[in-house]
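Open the model in your viewer and keep the sequence panel beside it. The stops below cover the sheet, the helices on it and the charged side chains.

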Amino acid sequence: MSNTAKLASSVPEFSICLVRERRARFRAKPISNSETCFKTFRSAFEGLDREHFAVITIDAKNNPIGFNVVAVGSLTLAIIHPREVFKLCVMQNAASVILAHNHVSGDPTPSNADLEITARLVDAGKILAIDVLDHLIFGRG
């Protein structure tokens, strides 16, 4: 048997499965603006000692589908890759997404890195036809 035939015969088959991890922590209501989103999801970011970056997937009627932390970083940054952000969006058939992360310092002012990753994720979303509606930064207060 040739090497090509061996390789072809050993390719595994996969199925994709989305698993709900826990009961809903958040009340599902349409996301009409940033304030609604902030009030709905702020409890997920309270008291954290490291940066957490999450995606909130949204259906075509602006209802939240799900919440997923895609990266946990250090005191000052979390490494974000578009592949990790949009993987869940595609699996949940999301029409749009809201990005959210916390600043451990308590200052919600976006950093240059925040602005750069937001622009990169907006561009990636355009390719996938998944709109990035907002990027919330949670601080103190």
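A salt bridge here is a side-chain nitrogen of Lys or Arg within 4 Å of a carboxyl oxygen of Asp or Glu. The model you are looking at is predicted. By that rule the count comes to 4 salt bridges.

**Stop 1: helix α2**

Select residues 34–41, which make up helix α2. Show the side chains of K39 and E35: they form a salt bridge, with N to O at 3.0 Å. K39 and E35 are 4 residues apart in the helix, so about one helical turn separates them. Turn on the surface for E35, which is partly exposed at 48% relative accessibility.

**Stop 2: the sheet**

Next, hide the side chains and colour the strands. In what order do the 4 strands of the open sheet run? The order is β2-β1-β3-β4, and the pairing is mixed. Select β2 (64–72) and β4 (131–138) to see the edge strands, each of which pairs on one side only. Looking along the sheet, you can follow a twist that averages 20 degrees from one strand to the next.

Now select β3 (residues 96–102) together with β4: this pair is parallel and is joined over 7 bridges. For one residue pair to label, take V97, whose bridge partner in β4 is V132.

**Stop 3: helices against the sheet**

Bring α2 back into view. Helix α2 packs on the sheet and touches β1 (52–58), β2, β3 and β4. The direction of α2 makes about 55 degrees with that of β4. Then select helix α3 (residues 82–91), which lies across β1, β2, β3 and β4. Helix α3 runs at about 30 degrees to β1.

**Stop 4: charged side chains of R83 and E84**

Stay with α3 and show R83 and E84. Their side chains form a salt bridge, the closest N and O atoms being 3.7 Å apart. Add K87 to the selection: salt bridges with shared partners join R83, E84 and K87 into one network. Is R83 buried or exposed? R83 counts as exposed at 54% relative accessibility, while E84 is partly exposed at 32%.

**Stop 5: D49 and R50**

Finish at D49 and R50, whose side chains meet in a salt bridge at 3.6 Å, N to O. D49 is exposed, with a relative accessible area of 54%. R50 is partly exposed, at 41% relative accessibility. Side chains of opposite charge can pair when their charged atoms come close.

Definitions and conventions: Residues are numbered from 1 along each chain as its sequence is written. This is a predicted model: local features need pLDDT of at least 70, side-chain atom pairs count only at pLDDT 80 or more; totals for chains, interfaces and linings use all residues. Side-chain values use heavy atoms; hydrogens and water are left out. Helices (H or I, at least four residues) and strands (E, at least two) are DSSP runs, numbered from the N terminus. Buried means under 20% relative accessible area, exposed over 50%, partly exposed in between (1.4 Å probe, protein chains only). Two strands pair if DSSP finds at least two bridges between them. Axes are lines fitted to C-alpha atoms, for helices over the stretch in contact, and angles run from 0 to 180 degrees between N-to-C directions. Contact means heavy atoms within 4.5 Å.
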